Structure formats: C-alpha cells, structure tokens
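Trainee: I should like to learn how helix geometry is read from a set of coordinates. May we work through an example together?

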Amino acid sequence: MSVTYIVSGFAVGLLVGLTGVGGGSLMTPLLTLLFGVSPTVAVGTDLAFASTTKIAGTFAHRYKGNVHWNIVKQLCIGALPAAVLTTLVLKYLGGLDKEIGQVIRYSIAGSVMLTVIALIFRTRLQNWMSAHPNRQFHGKKLVTATIVSGAILGTLVTISSIGAGAIGATILVLLYPRLTPAEIAGTDIAYAVPLTAIAALGHWWLGSIHWELLAMLLLGSVPGITLGSLASRAIPEKVLRVLLATTLTTVAFKLVY
C-alpha cells in the first residue's frame, strides 16, 4: 500500500506540474474513493500535503517577482480568520462523525465542480473582464471584495481542502484582470501557503492528519511536480485542461453517487 501511495502522490504531482492546478481537487477525492480514507482524514492530510508542496512554489515565484504581496495580505486578512473559525465549528460538531463526514463529502464534490467551472471558463472570464473595465472594482471596493473572497476561500479550503488553486486563481482573474498568468499563479500559491498551513494545524488539532500517509504522498509528489513542470511546454494547455476537467467531473459524480 505504501508503494501505491507514493505512485498516487507522483501522479497528482505530475498533473499539478503540467497544469498548475488540481492538487487538492484530485488528492482528497483520490484518498476518499480509491483508498477508503475517511473524508475528514483525507481533508486534513491533503491540507498538510498542500502547505508543504506550495512553499517551494512560493519561493520560485518570489524569485521571479510574480507575487503581489499586497493582494496576498488582503486575501489572508479574510482567509486566515475564516479558517480558524471553520476549524472551531468542525470541532464543535465533531461528535457527529457520520453526519459531518457526509457534509464534507458533499462539500468536496461541490468544490470539485467549482474547480471544473474555473478551469473551463477562466480564460473567457479574463477576456470578458478586460473588455468591460467599467465592471471592475477599484479602490476600497476592490480591497473589500478581495478580503471577502479570502474569507470564502478560507472556509471552503478548511472544509474540503479544495479551492485554493483553480478557484482562487479564477477569483484573482476576475478582480485583477491586468495581472499576467504568472502573477496570478504566483500570488495564488503565495496566499495558499499560510491558509493551508493554518487549516492543516486546525485539522492536526482535530486529529485528522495521517502522518505516515502524508510522508508517502510527499515522497512521490516531489519528483512528479518536477517532471510535470519540465514537460509542461510539450503538451498543449487546452488538452491538459480538458483532461483535468473530465477527470474532476467524474470524481465529483462518484462522490455524490
């Protein structure tokens, strides 16, 4: 089983390296459906997995100047308190294991479908926003919208471990359409590090992190992400996004039915 976990970590890492998204969207359902890990443990373990792997990405993007730290700060102002509050709510409801597990399962399915929508329509949304500058937020409205978006993402990520990648990037596209794809990716990864770390600490407090499983996943994911990043230019992005969207749609359907 350890080898299977390593291979799974490699496969998810490879896809994340190729597309830039899909880590939480794939890892949590994979642990739940394929390995029979309980939804709460799957979410906690994946959050610890994400917080570790995204640190390297943040350093790389910081070195290239792709991170807008003022946006990261505003997202964290909303996301981090939301993550803590959501953890406390999960702790309060912790006695209802079966019911809470079912809620988390449906939350995962919903988050996966939001990720699919984000993958399919992100470019169209960016083009539409660029063509309609009068619809864009500015000044205090933009700051408020960023903080509120961070709070929504903080809640979503803490419950399901999904949303910090594709959904977060799509929100950045809508709020900041002038950012380049590299800047969107760098800013999205940078804010996700403290968010997933806080959420992972919360799940550690709840006792829902499988440490041995986490080690096996990381052992496979590091070479997978590296290889995927090197091979990303050889495969058309459109092909990868269609493949990922199809896979995630199937996963969401299996989670519900």
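Trainee: Where is the kink in helix 3 centred?

Mentor: In this predicted model, helix 3 has a kink of about 25 degrees, and its centre is lysine 54. The helix covers residues 39-63, and its first and last C-alpha atoms lie 36 Å apart, close to the 36 Å expected for 25 residues at 1.5 Å a residue. Just after helix 3 comes glycine 65, with a positive phi of about 75 degrees.

Trainee: At which residue does helix 8 bend?

Mentor: The bend, about 30 degrees, is at alanine 192, and proline 194 follows within four residues. The 26 residues of helix 8 should span 38 Å at 1.5 Å a residue, and the 36 Å between its end C-alpha atoms agrees with this. Glycine 207 follows helix 8 and has a positive phi, near 80 degrees.

Trainee: How does one describe the packing of two helices?

Mentor: Two packed helices are described by the angle and the distance between their axes. Here, the axes of helix 6 (residues 139-160) and helix 8 (residues 181-206) come within 10 Å and cross at roughly 45 degrees. Helix 6 is therefore oblique to helix 8. The crossing is right-handed.

Trainee: Which residues make the contact?

Mentor: Helix 6 contributes Leu153, Gly154, Val157 and Thr158, while helix 8 contributes Tyr191, Leu195, Thr196, Ala199 and His203. Of these contact residues, 5 are nonpolar, 4 are polar and none is charged.

Trainee: Why do residues three or four places apart point the same way in an α-helix?

Mentor: An α-helix has 3.6 residues a turn, so such residues point the same way.

Note on methods. Residues numbered from 1 in each chain as written. Predicted model: local features only at pLDDT ≥ 70, side-chain atom pairs only at ≥ 80, totals over all residues. Heavy atoms only, no water. Axes fitted to C-alpha atoms, helices over the stretch in contact; angles between N-to-C directions. Helix = DSSP H or I, 4+ residues; strand = E, 2+ residues; numbered from the N terminus. Parallel < 35°, antiparallel > 145°, perpendicular 65-115°, else oblique. Left-handed = near helix turned anticlockwise from the far one by under 90°. Contact = heavy atoms within 4.5 Å. Nonpolar A, V, L, I, M, F, W, Y, C, P; charged D, E, K, R; others polar. Expected span 1.5 Å × (residues − 1). Bend = angle between axes of the 7 residues up to and from the residue.
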